[in-house]
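This report walks through a sheet, a set of charged pairs and an enclosed helix. Please keep the sequence and the structure at hand while reading.

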Amino acid sequence: MEFTVQTANPAKVETACLVVPVFKDGDLLPAAAKLDDASERLIGQLIERGDFTASLGNVQMIPFAPGVSGERLLLVGLGERDKCQEAAFRKALDAAFGALAKLPVSDAAAAFTDVPVGDHDSAWKARMTLEAAERAVYRFVEFKSDPPPAAKLERVTLLVSDSDQAAAVKQGARIGAAIGTGINVTRTLGNLPGNVCTPRYLAEQAEQLGKGSGGALKVEILDEEALEALGAGSLLSVGRGSAEPTRLIVMQYQGADDPNDAPHVLVGKGITFDTGGISLKPGESMDEMKFDMCGAASVFGTVNAVLALRPKINLVAIVAAAENMPDGLATKPGDIIKTLKGLTVEVLNTDAEGRLVLCDALTYAERFEPASVVDIATLTGAAIIALGHHATGLLSNDDDLALDLLEAGETAWDRAWHMPLWDEYQEQLDSNFADLANIGGRPAGTITAACFLSRFADKFPWAHLDIAGTAWSSGKQKGASGRPVGLLTQYLLDRADDAVVETGDE
């Protein structure tokens, strides 16, 4: 999405559509007031007569406004002024750009940076605006023989009342556009069917990303022969029953002033389809198990955002990719496997396979001597029971890291919730026959899954993000959400040497 920043009188801005946020109390914000003055009080009269109610998310398109250079006005309700916090602001943005994406307009000018939203500055509001614009124009129509028309919106002008804010608004918009694009990359990978998006396909996507990075991203793909030589028996065990070969994908970005700075590592679960293996899942909704690689997809989306922003940070992104299928070679309940770390695992349930691929990836991460490691996985249904579909589950062996991730989630409005990782839960993983079992029973399923992973993350600060409840939606709105790209990108930006990404001409 292209964008520009202007401090001109909104009534003089030439655009296909002016987007005008309005509070329910009728007290117009600066941009709306100028438009109202120029248009013979058109906006005020619509509100006073009840022709437009500024309820949160309510939109109304006005095809012509006298005295205004813009071809159309799109009024967007912000609801009650004292209730305009992050969630309400995001809802208004989504309503506005959702409406714009349905209009035959290629450009629009939006006046959201003056909207008071808690203590957030204009840069944050610009960021949210561009992210919303990117998300709104997303379409997944690759497999439609007669696809619906694509959204025409290509350019957004951010209207700023104070010229002193223009540089910060531009910077915030760059971040928002990069994160929005990364979210859409994640959504596309998640939405692809399992017969297309295989471990080899993910490896190919990584290689293409590296080739298109201008040398900024180094990519290494470990095939099954390399993984066998490495000793990654746990990762390999998950893909034994599939005709699709397993892959470990490693992407390295060096942006810090000192190339020897310890990198931050992202590890994504990439189960491109999960039948449950021998512990076969019920048939109902099994199609949604193509989303079991959304952790990996979020890593790809975050790498895309990082390459767009080029923060001064060193990053390693690792994706453990496999397909979990039930054939004669598949791992069986009761089998004992040996991990890359050397620990043995009794597999009590082959449907608890995500932790089996992640544990070897976490061990592999040790070689980079990381400053932090964050794994992202659609790991447990228990996370949905605990947190629903609003918050990502967060567990960590380092409280400072957990707080950093929580703060990043609040800034990005891609929130997580800190859950306990107490030693008392570890005994649920005891096995009579191996070093540990891969499940700990029904109680505290999300926590015991993280306890399992913690056994392989004792060499570095580590956090686990369980995105089972936030990575996709079911029902009529079925599709990948793109979370937690916002959280992850913000976390990395916060770790950058100068905390400011490079600027460039837009």
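In this predicted model, six strands form an open sheet of mixed pairing, arranged in the order 1-6-5-2-4-3. The edges are taken by strand 1 (2–6) and strand 3 (59–62), each of which has a single partner strand, so one side of each is left without a neighbour in the sheet. Averaged over the sheet and with direction ignored, neighbouring strands are turned by 20 degrees against each other. Within this arrangement, strand 5 (residues 107–110) and strand 6 (residues 155–159) run parallel and are joined by four bridges; aspartate 107 has arginine 155 of strand 6 as its bridge partner.

Turning to charged side chains, a search of the whole structure finds 24 salt bridges, and the table gives some of them.

| Positive residue | Negative residue | N to O distance |
|---|---|---|
| arginine 81 | aspartate 25 | 3.0 Å |
| lysine 281 | aspartate 351 | 3.0 Å |
| lysine 332 | aspartate 335 | 3.3 Å |

Arginine 81 sits in the loop between strand 4 (73–77) and helix 3 (86–100), while aspartate 25 sits in the loop between strand 2 (18–22) and helix 1 (30–38), so this pair ties together parts that are 56 residues apart in sequence. Arginine 81 counts as partly exposed at 31% relative accessibility, and aspartate 25 likewise counts as partly exposed, at 46%.

The salt bridge between lysine 281 and aspartate 351 also links distant parts of the chain, with lysine 281 in the loop between strand 9 (264–274) and helix 9 (294–309) and aspartate 351 in the loop between strand 12 (344–346) and helix 10, 70 residues apart. Aspartate 351 is partly exposed, with a relative accessibility of 26%, and lysine 332, from the third row of the table, is partly exposed at 46%. Elsewhere, Arg90, Asp94, Glu131 and Arg135 are linked in a network of salt bridges.

Helix 10 has twelve residues and reaches 16 Å from its first C-alpha to its last, close to the 16 Å expected at 1.5 Å a residue. Twelve of its twelve residues are buried, so helix 10 is largely enclosed by the rest of the structure. One of these buried residues is Asp360, which raises a further point: how far away is the nearest side chain of opposite charge to aspartate 360? That side chain belongs to arginine 240, 9.4 Å away, and aspartate 360 has no salt bridge although it is buried. Leaving aside neighbours within four places in sequence, aspartate 360 is in contact with Ala232, Gly233, Ser234, Leu235, Thr339 and Leu340.

Definitions and conventions:
Residues numbered from 1 in each chain as written. Predicted model: local features only at pLDDT ≥ 70, side-chain atom pairs only at ≥ 80, totals over all residues. Heavy atoms only, no water. Buried < 20%, exposed > 50% of the residue type's maximum accessible area, 1.4 Å probe, protein only. Lys, Arg positive; Asp, Glu negative; His and termini not counted. Salt bridge = Lys/Arg side-chain N within 4 Å of Asp/Glu carboxyl O. Contact = heavy atoms within 4.5 Å. Helix = DSSP H or I, 4+ residues; strand = E, 2+ residues; numbered from the N terminus. Expected span 1.5 Å × (residues − 1). Pairing = 2+ DSSP bridges. Axes fitted to C-alpha atoms, helices over the stretch in contact; angles between N-to-C directions.
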